[in-house]
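Have the model open in your viewer and keep the selection box handy. We'll hop from residue to residue and look around at each stop.

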Amino acid sequence: MNAEQALVAASPKPADVRMLTEEVWASFLAEHGPLQVGTDPDFAPDWSASVTVKGEWNGVVALEMSTSGAQQLTRSMLALDSAAELVDGDLVDAIGEMVNMIGGNVKSLVRGPCRLSLPLVTAGRFLHGSAQREVVRLGCTWAREPLAITVHAGRPTPRETR
C-alpha cells in the first residue's frame, strides 16, 4: 500500500460522515426539514467554515453555504424569527458551531488521539492545503438551499502552517 492508499484507508468513509452529519443536522435543524444528502449543488458559497483535526490522522472538515442558507441556519440555531435582523457575527457563530459539531464527530471516526481546532469561518469558498486530498464530499440541500460538507486528509505543507 502506498502513502496515498494508506491516507485514504485511514480517513473517514463517506457513508459514516453522511450518517453523523444527518444526525447532527436533525438534532438542531429538523424543524426546517431534513438535510437532503446526495444532491450535487453547483453553487458559489458565500460562507465557509472549517475545523482542523491534528494527531495520528490529519485533515480538515469544511462546511460551505449560501448566505440565505447561513441565515436560516443561524435563525434556527439561535431560535430567532424570520424578521430578526442578523449581523455577520451571528452567522459566524452559527456556521462555526455547526462545523465544530460535525468536525468533532468526524474526529471520532479516525484512529488514535487527535485534537480539534477552533472553527475558522470566512466569506467565500473553503480553500484546503495543497498537500491535502478530498476524501469525502457531501453535496446537500437544506431548506431549499445548497450546501457542501467536505473532508480533506493530509497535513498542510510547512509553508501553509506559517
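Start by selecting lysine 54, which is partly exposed at 39% relative accessibility; partly exposed is the band between buried, under 20% relative accessible area, and exposed, over 50%, with a 1.4 Å probe and protein chains only. Lysine 54 sits in strand E2; helices (H or I, at least four residues) and strands (E, at least two) are DSSP runs numbered from the N terminus. One housekeeping note: this is a predicted model, where local features need pLDDT of at least 70 and side-chain atom pairs count only at pLDDT 80 or more, while totals for chains, interfaces and linings use all residues. Residues are numbered from 1 along each chain as its sequence is written, and side-chain values use heavy atoms, with hydrogens and water left out.

Now show what surrounds lysine 54. Setting aside neighbours within four places in sequence, lysine 54 is in contact with Pro113, Cys114 and Arg115, contact being heavy atoms within 4.5 Å. Then draw a distance from lysine 54 to tryptophan 25: their C-alpha atoms are 24 Å apart, with the two positions 29 residues apart along the chain.

Jump to that tryptophan. What does a search of the whole structure find in the way of aromatic pairs? It finds one, counting rings of Phe, Tyr and Trp (its six-membered ring) whose centres lie within 6.5 Å. The partners are tryptophan 25 and tryptophan 142, with ring centres 5.7 Å apart and planes at 75 degrees, so this is an edge-to-face pair; that label needs planes over 60 degrees apart, whereas under 30 would be stacked and the rest tilted. Because tryptophan 25 belongs to helix H2 and tryptophan 142 to strand E6, the pair ties together parts 117 residues apart in sequence. Tryptophan 25 is buried, at 1% relative accessible area, and tryptophan 142 is buried as well, at 1%.

Step one residue on, to alanine 143. This alanine is in the loop between E6 and E7, and its phi is positive, near 50 degrees, in a residue other than glycine.

Next, helix H3: select residues 67-77 and pick out the buried ones, Gly69, Ala70, Leu73, Thr74, Arg75 and Ser76. What do they pack against? Colour helix H2 (14-29), helix H4 (88-107) and strands E2 (47-55), E3 (59-65), E6 (133-142) and E7 (145-153), and you have the list.

Beyond H3 comes alanine 79, in the loop between H3 and H4. Here is another stop for your backbone torsions: phi is about 55 degrees, positive although the residue is not a glycine. Alanine 79 counts as exposed, at 69% relative accessibility.

Carry on into helix H4 and click valine 92. Buried, exposed or in between? Valine 92 is partly exposed, at 31% relative accessibility. Leaving out residues up to four places away in sequence, valine 92 touches Trp47 and Val121. For a long measuring line, take valine 92 to glycine 112: they are 20 residues apart in sequence and 30 Å apart in space, C-alpha to C-alpha.

Time for charges. Side chains of opposite charge can pair when their charged atoms come close. The whole structure yields two salt bridges, each being a side-chain nitrogen of Lys or Arg within 4 Å of a carboxyl oxygen of Asp or Glu.

- Select arginine 18 and glutamate 22, whose closest N and O atoms are 3.2 Å apart. They are four residues apart in helix H2, so about one helical turn separates them. Arginine 18 is partly exposed at 35%, and glutamate 22 is partly exposed at 28%.
- Select arginine 125 and glutamate 64, which meet at 3.9 Å, N to O. This pair links distant parts of the chain, 61 residues apart: arginine 125 is in the loop between strand E5 (120-123) and E6, and glutamate 64 is in strand E3. Arginine 125 is partly exposed at 45%, while glutamate 64 is buried at 4%.

Last stop: the second largest pocket, with a volume of about 170 Å³. Its lining is Ala9, Ala10, Ser11, Pro12, Lys13, Asp16, Glu56, Trp57, Leu109, Val110 and Arg111. On a 1 Å grid over the protein atoms alone, a pocket is an open set of points where a 1.4 Å probe fits, with protein on both sides within 12 Å along at least five of seven lines, and lining residues have an atom within 4 Å of a point.

Technical notes. Grid points are joined across faces, edges and corners, and a volume is the space filled by probe spheres set on the points.
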